[in-house]
Amino acid sequence: MSTVQLRGMRKSFPSRSGEVEVLKGIDVTVEDGEFLAILGPSGCGKSTLLRLISGLELATGGSVSIDGTDVTGTAPEKRQLAMVFQNYALFPHLNVQENILFGLKSRGADKQLRSERLTEAAGLLGLDELLERKPSELSGGQRQRVALGRALVSGQRLVLMDEPLSNLDAKLRAEMRVELKRIQRRIGLTIIYVTHDQVEAMTMADRVLMMSEGRVEQLAAPEEIYSTPATTTVGRFIGSPP
Ligand code: ADP
Ligand code: MG
């Protein structure tokens with residue numbers, strides 16, 4: 001099981017003129033096994049919302065529950081989730097295998113478990129031949145797979161992703177969209193996926209949370225967002241008349 005409930009999430013940052021509220025009350029329930037895309041223009045608060053779910057940032061108001069447990073004030077490492085970032089955050093001096101297993105090892109997982117998880121993830125991601133290579137010897141797509149591998153071996157069913165494909169060229173991005181969707185279905189992961197790219201959101205997500213200026217504009221299946229945009233802002237963003 002991996003469900004996420006956000007209730008009235010608010011976040012303000014200090015600014016020169018006092019405070020600026022970048023999230024203005026976000027409510028959403030993410031179902032077990034769902035692929036939810038958070039879509040919206042740059043600066044609308046997508047990454048901040050994801051950081052509140054991960055615990056990297058603490059909310060000014062509202063609550064976060066994971067699997068029915070309130071984790072609003074819980075430290076990131078104590079939340080049952082894995083993260084994949086835009087820049088992959090791989091260790092340059094470690095090889096692929098060491099990068100994938102770093103988290104598991106530092107949490108004291110035994111050798112047999114590590115080896116099982118590695119074999120499974122490497123097979124799924126097509127990394128078997130690359131385990132000894134350093135990140136500098138990999139293509140962008142391969143690095144992305146390693147970052148994904150690290151999330152998969154963690155054994156977490158909830159994975160948060162912040163623009164994980166944005167550093168890839170168009171062809172690789174298209175391939176990885178298909179790949180990621182296949183892996184998500186196969187393992188039954190719950191994925192919350194931040195993007196400003198509507199093609200990514202519309203092709204991968206079960207539902208899309210459209211954001212603008214710290215608010216939810218619409219939360220619906222991709223087809224519905226296309227056919228029935230809830231507001232002029234949504235209509236303008238996806239390029240069809242509201
Ligand atoms: P997005 O991911 O949708 O591009 P962000 O969540 O990164 O948007 O940012 C939303 C707004 O919050 C932006 O105006 C950004 O400048 C501001 N912001 C984000 N993080 C901080 C921070 N640590 N301190 C001050 N302002 C921030
Ligand atoms: Mg962002």
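This passage describes a predicted model, beginning with the surroundings of its ligand and moving on to helix packing and a few loop residues.

The surroundings of ligand 1 are a good place to start. The shell consists of Phe13, Val22, Gly40, Ser42, Gly43, Cys44, Gly45, Lys46, Ser47 and Thr48. Sorted by class, these are three nonpolar residues, six polar residues and one charged residue. Among the contributors to the shell, helix H1, which spans residues 46-54, gives the most, with three residues. Helix H1 also has a set of buried positions, namely Lys46, Thr48, Leu49, Leu50, Leu52 and Ile53. Two of these names, Lys46 and Thr48, appear in the ligand shell as well. Just after the end of H1, Gly55 adopts a positive phi of about 90 degrees.

Attention now turns to the helices that pack against one another. Two packed helices are described by the angle between their axes and the distance between the axes. Helix H2 (residues 96-106) packs on H3 at an angle of about 135 degrees, and the two axes are 10 Å apart. An angle over 115 degrees but not over 145 counts as oblique, and H2 and H3 are therefore oblique to each other. Their crossing is right-handed. On the H2 side the contact is formed by Gln97, Ile100, Leu101, Leu104 and Lys105, while H3 supplies Arg114, Arg117, Leu118 and Ala121. The class count for this contact is five nonpolar, one polar and three charged residues.

Helix H3 (residues 111-125) also meets helix H4 (residues 140-153), and here the axes come within 9 Å and cross at roughly 140 degrees. H3 and H4 are therefore oblique to each other too, and this crossing is likewise right-handed. From H3, the residues in contact are Arg117, Leu118, Ala121, Ala122, Leu124 and Leu125; from H4, they are Arg145, Leu148, Gly149, Leu152 and Val153. By class, the contact of H3 with H4 comprises eight nonpolar, one polar and two charged residues. Readers following H3 in the structure will find that Arg117, Leu118 and Ala121 take part in the contact with H2 and in the contact with H4.

Several loop residues also deserve a look. Most residues other than glycine have a negative phi. Asp67, although not a glycine, has a positive phi near 50 degrees. Asp67 sits in the loop between strand S4 (61-66) and strand S5 (69-70). Asp67 counts as partly exposed because 15 C-beta neighbours lie inside 10 Å. Glu163 likewise has a positive phi, of about 45 degrees, without being a glycine. The loop that holds Glu163 runs between strand S7 (158-162) and helix H5 (170-187). With 19 other C-beta atoms within 10 Å, Glu163 is partly exposed; a residue is buried if that number is 20 or more.

A further loop position is Glu31, found between strand S2 (18-30) and strand S3 (35-39). Glu31 has 13 C-beta neighbours inside 10 Å and so counts as partly exposed, since a count of 12 or fewer would make a residue exposed. In sequence, Glu31 and Ser2 are 29 residues apart, yet their C-alpha atoms are 7.3 Å apart in space.

Terms used: Residues numbered from 1 in each chain as written. Chains lettered and ligands numbered in written order. Predicted model: local features only at pLDDT ≥ 70, side-chain atom pairs only at ≥ 80, totals over all residues. Near = placed C-beta within 6 Å. Helix = DSSP H or I, 4+ residues; strand = E, 2+ residues; numbered from the N terminus. Nonpolar A, V, L, I, M, F, W, Y, C, P; charged D, E, K, R; others polar. Axes fitted to C-alpha atoms, helices over the stretch in contact; angles between N-to-C directions. Parallel < 35°, antiparallel > 145°, perpendicular 65-115°, else oblique. Left-handed = near helix turned anticlockwise from the far one by under 90°. Contact = placed C-beta atoms within 7 Å.
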